[in-house]
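Me: I would like to go through this model with you step by step, taking the sheets before the helices. Please give your reasoning each time before you settle on a value or a name.

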Amino acid sequence: QVLLVFAEEDEQSNGFRWACDKAGFRCNIARTPQSALECFLDKHHDIIIIDHRHSRYFDAEALCRSIRTTKASENTVIICVVQRHTDREESSILPLISAGFTRRYVENSSRMACYNELIQLEFGQVQAQFKLRACNSLFTALEKSQEAIEITSEDHVIQYVNPAFETMMGYQIGELIEKELTEVPINEKKADFLDTINSCIKIGKEWQGMYYAKKKNGDSIQQNVKILPVIGQGGKIRHYVSISRLCNDNNKVEKTCECIQAESQTDTQTCRHKDMRKGSLDVRSTTSRGSDGISQRRRSSMARVHSMTIEAPITKVINIINAAQESSPLPVAEALDRALEILRTTELYSPQLGTKDEDPHTSDLVGGLMTDGLRRLSGNEYILSAKQTHQVAGSLSSPISLNDIPPRITQAMENEEQWDFDIFELEAATHKRPLVYLGLKIFARFGICEFLNCSESTLRSWLQVIEANYHSSNSYHNSTHSADVLHATAYFLSKERVKQTLDPIDEVAALIAATVHDVDHPGRTNSFLCNAGSELAILYNDTAVLESHHAALAFQLTTRDGKCNIFKNMERNEYRTLRQVIIDMVLATEMTKHFEHVNKFVNSINKPLAALEENGNNGDGESIKTVLRSPENRILIKRMLIKCADISNPCRPREQCIEWAGRISEEYFAQTDEERRQGLPVVMPVFDRNTCSIPKSQLSFIDYFIIDMFDAWDAFADLPNLMEHLNNNIKYWKGLDGRNLRVLRPPP
C-alpha cells in the first residue's frame, strides 16, 4: 500500500498515482499533514511518498518525524520528493535522514521514472522490511521457548539470550548482552576440550555434547548443549547459536560429575552428525597414549573398541558366542565357529540356492527380482523418467463424481469388499481406468477424505492424476495392478487382527501407498534399469531404483498442484508422519529385502503370539496388545500387509490367477526381447517367449516367495479362503507341468 502526501495535484503526483495503478499497488492520497497521519494510522502503508518541494504548504520533515513517532511506522519506507536544482551545489541528505526519511527522490514526473522507483522500492527496502517484520515472530518464539538459547557473534560476543537462558544461569534481563564469553563465569575449561569444540564449529559443523558451566552465583550445572554455526554475509560464519538443556540425574548420558569425564565423552560425540569418520577413533588421542610404541597404541585402540557402548544386536550375539566358546568342548566350539561364520555374512535373511541347474526358474527369478543387475560398461543406455513429462491435474479432464458412476461400473464394484472381487470385469467396464472408480469407493468406505480434510473433488483429481501416470501399455504393471493391490490392501485392513493393530493414520497410509506403489513403472525390472545405465538407476545409485521413484513421483504429482493435493489441509507434523509411513510401505515392496521382512515378521510377531497361545495366554489381551502395538512391530505388520497385497495373485481365484500369470510373463518376455536387442545382460533367460514354461515359473515363484510369506500372514490375519485358492492354484500349475505343457491353459 502506498500513501501519497501532496498538497496539490500536479504532474509528479499524477505520475506516482499512475505508477501505483500499473504496479498493482493500492494507493491513498492525502493533502494535509493531519489527514496523512490519520490515513497512515488507519491503513499502515508500506510506502509513504511526501512532497518536500514546496515548504509553503506544510513542513515535510516535521510530518515525517510525526509519523516516525508511531509504532506502526517501524517497518515503513518513507520517500522525500525534492526539487531538481541545476544551478546550485548538491545539498546534504543528512537532515532528511535525521527526520526519518528512508531515501529521497529528485523530482521527475515521467511515469516510467515513477514506476521504476516504486518497483525498486518493492524489491529493495520494502522486501527487506518484510523480513524484519517477520523477525518479530521469530523473537517471540525464542522468548517463549523453554530451551535456553544464546546467540553470539563470530567473535563470541553475546548478542542475544532468551529468558530461559537468563533464568538457568541466574542473570538479570539484559545483563549478558555485549559481553564476551570469556567474561562469563564458567567452570575450569580445559584447553583441549575447548579446542575440540572450536575445531568443529569453526569449519561450519555443529557440535553436541555434555558441558559444565557455572552460574552467576558460582554453582556448577551440567548441560546438554548443541552449538550451531550460522553462515552469513560473504559465506562466512557470522553467528553461533547455542541451545542448552539442563541435565538431571535421570538423563545424564554417562552418569558423570566431573568435567574431564565430559571431555572424554566428547571424543565420540564431536561432529557426530556430519563427520562419522572421526566418531569412532580419535587419531591424536590414540597415538599420544602410552610410550611403548605400536603395541601399546594397538592395545589402547582395541580397548576403546571393546568399551564402545553403541552395540548392534548382531554384535551382542557374536560376543555371547565368543564367550561361550571359551568354556566349550572342542566339537561345540567348532560348531560355534561355523555359526559365527554364517552370522558374519551380510545376507542373513536370504536363503542360499543350490546350483543353477537344480532350478533355473527360481534362480532366474531371484536374479531378476532380488539383485540390482550385472554391472557392465556399455554404450547402450535406457533413458527413463528423469526428463520424462508426467500427467498433471490441469492436463486431464474432470473425473466423474462417485454419485454419478455408470450402472455397469457400479455393478462391477458391488462385491468389492469380498476377496473374490473380479478386477478384470471392472477393468473392462471402465475402459482400463479401474483405479479412479475403485479408489473413490474404497477411500469413501474408509473415510479418507474426512481424515485428510480434503474434498471429494480433490480426491477424484488426485486419483485421476495417479492413474494417468501408470502406463496402460504395460501388460502387468498398469493401473489395473494398482487397483488390485488397493483392493487387497483394503481387504486385509478389514481383518479383525489388523484392525486391532493399526491406527487410522496407518490405514490411510496403507491405502495411499497401495494406490501409488508402482506409479510410472516402465514395465522393466530394477536389474534391467541398472544394467542399461538408465537415468533413474544413476539417480538412485542402483538401489531400490523403481520403488524410490514411485514414492518420490507420487509426492511430486500430489503436491505440485492444489487441485489434486490431498495433503494440503493436514497439520504439518501429521503430514510428515503420514508421508514417512507411505514411503516406508512403498519401499517395502522392493524384493531385495523380501526375506528380511518376512523373517522379521515371523520372529517378532508370529512366534511371540504363538508362544502366548501355547502358554494358555490366548485371552490375555494386554500381552497380545504389547506384541501388536509396539511401534517396531506395527512397522513390520504394515510392510507385510503391502507385500502380501502386491504379490497376492497366486491367492486369487483361479481365472484371475491365470490372467495375472499371463500378464507378468508377457512383461518379462518383452524385457528379455529388449535385453537381447540392446546387447544387455539377460537377467531372466528362462523368460524366453519361445521356450518358457509358465507353469514351472509360477510354481518356482510360489515355492520361493509365496508359500512361507502367506503362511505367516494367514497365521496372523486368518485368511482361510486365500490359502484355499493358493492350494488349488498350485495343483492347477502342477497339473499342467506334469503334462509337460508350457502354456497358461490346457488345450481344449
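Me: In what order do the strands of the open sheet with antiparallel pairing lie?

Reply: This is a predicted model, and what follows should be read in that light. Strands of a sheet pair through backbone hydrogen bonds, either parallel or antiparallel. In the open sheet with antiparallel pairing there are 5 strands, and their order is 7-6-10-9-8.

Me: Which strands stand at the edges of that sheet, each with a single partner strand?

Reply: The order of this open sheet is 7-6-10-9-8, and from one strand to the next the twist averages 30°. A strand at an edge has a single partner strand, so one side of it is left without a neighbour in the sheet. That is the situation of strand 7 (158–161) and strand 8 (207–214).

Me: How many bridges pair strand 8 with strand 9?

Reply: Strand 9 covers residues 220–231 and pairs with strand 8 in the antiparallel sense. Within this pairing, Lys 214 stands opposite Ser 220 of strand 9. The number of bridges over which strand 8 and strand 9 pair is 8.

Me: What is the phi of His 156?

Reply: His 156 belongs to the loop between strand 6 (148–153) and strand 7, and with a relative accessible area of 23% this histidine is partly exposed. Most residues other than glycine have a negative phi, and most peptide bonds are trans. His 156 departs from that pattern with a positive value, as its phi is near 65°.

Me: Which strands are at the edges of the sheet whose pairing is parallel?

Reply: The parallel sheet is also open, with 5 strands in the order 2-1-3-4-5. Each edge strand has a single partner strand, so one side of each is left without a neighbour in the sheet; the two concerned are strand 2 (27–30) and strand 5 (103–106).

Me: By what angle are neighbouring strands of the parallel sheet turned against each other on average, and what angle does the direction of helix 5 make with that of strand 5?

Reply: Neighbouring strands of this sheet are turned by 20° against each other on average, with direction ignored. Helix 5 (residues 111–144) packs on the sheet, where it touches strand 3 (47–51), strand 4 (77–82) and strand 5. Between the direction of helix 5 and that of strand 5 the angle is about 175°.

Me: Which residue of strand 2 is the bridge partner of Leu 4?

Reply: Strand 1 (residues 2–5) runs parallel to strand 2 and is joined to it by 4 bridges. From strand 1, Val 2 and Leu 4 point one way while Leu 3 and Val 5 point the other way, and all of them are buried. Along the pairing, Leu 3 stands opposite Asn 28, and the bridge partner of Leu 4 is Ile 29.

Me: How far apart are the end C-alpha atoms of helix 25?

Reply: Helix 25 (residues 572–588) has 17 residues, which at 1.5 Å a residue should span 24 Å. The distance between its end C-alpha atoms agrees with this expectation, at 24 Å.

Me: Why can the buried residues of helix 25 be placed on the same side, and which residues are exposed on the other side?

Reply: The buried residues of helix 25 are Leu 578, Val 581, Ile 582, Met 585, Val 586 and Ala 588. They cover an arc of only 160° around the axis, which puts them on the same side of helix 25. What covers these buried residues includes helix 17 (448–452), helix 21 (504–516), helix 24 (545–559), helix 26 (594–614) and helix 28 (631–646). On the other side of helix 25, the exposed residues are Arg 572, Arg 576 and Gln 580.

Me: Which residue caps the N-terminal end of helix 25?

Reply: The contact in question reaches the backbone nitrogen of Asn 573, from which a side-chain oxygen lies 3.2 Å away. The residue that supplies this oxygen, and so caps the N-terminal end of helix 25, is Glu 571.

Me: How many residues of helix 24 are buried?

Reply: The buried residues of helix 24, among them His 549, His 550 and Phe 555, pack against helix 18 (456–468), helix 21, helix 22 (526–531), helix 23 (535–539) and helix 25. Helix 24 is mostly covered, and of its 15 residues the number buried is 12.

How values were computed:
Residues numbered from 1 in each chain as written. Predicted model: local features only at pLDDT ≥ 70, side-chain atom pairs only at ≥ 80, totals over all residues. Heavy atoms only, no water. Expected span 1.5 Å × (residues − 1). Buried < 20%, exposed > 50% of the residue type's maximum accessible area, 1.4 Å probe, protein only. Arc of directions from axis to C-beta. Contact = heavy atoms within 4.5 Å. Polar contact = N/O pair within 3.5 Å; in protein donor to acceptor, adjacent residues only side chain to side chain. Pairing = 2+ DSSP bridges. Axes fitted to C-alpha atoms, helices over the stretch in contact; angles between N-to-C directions.
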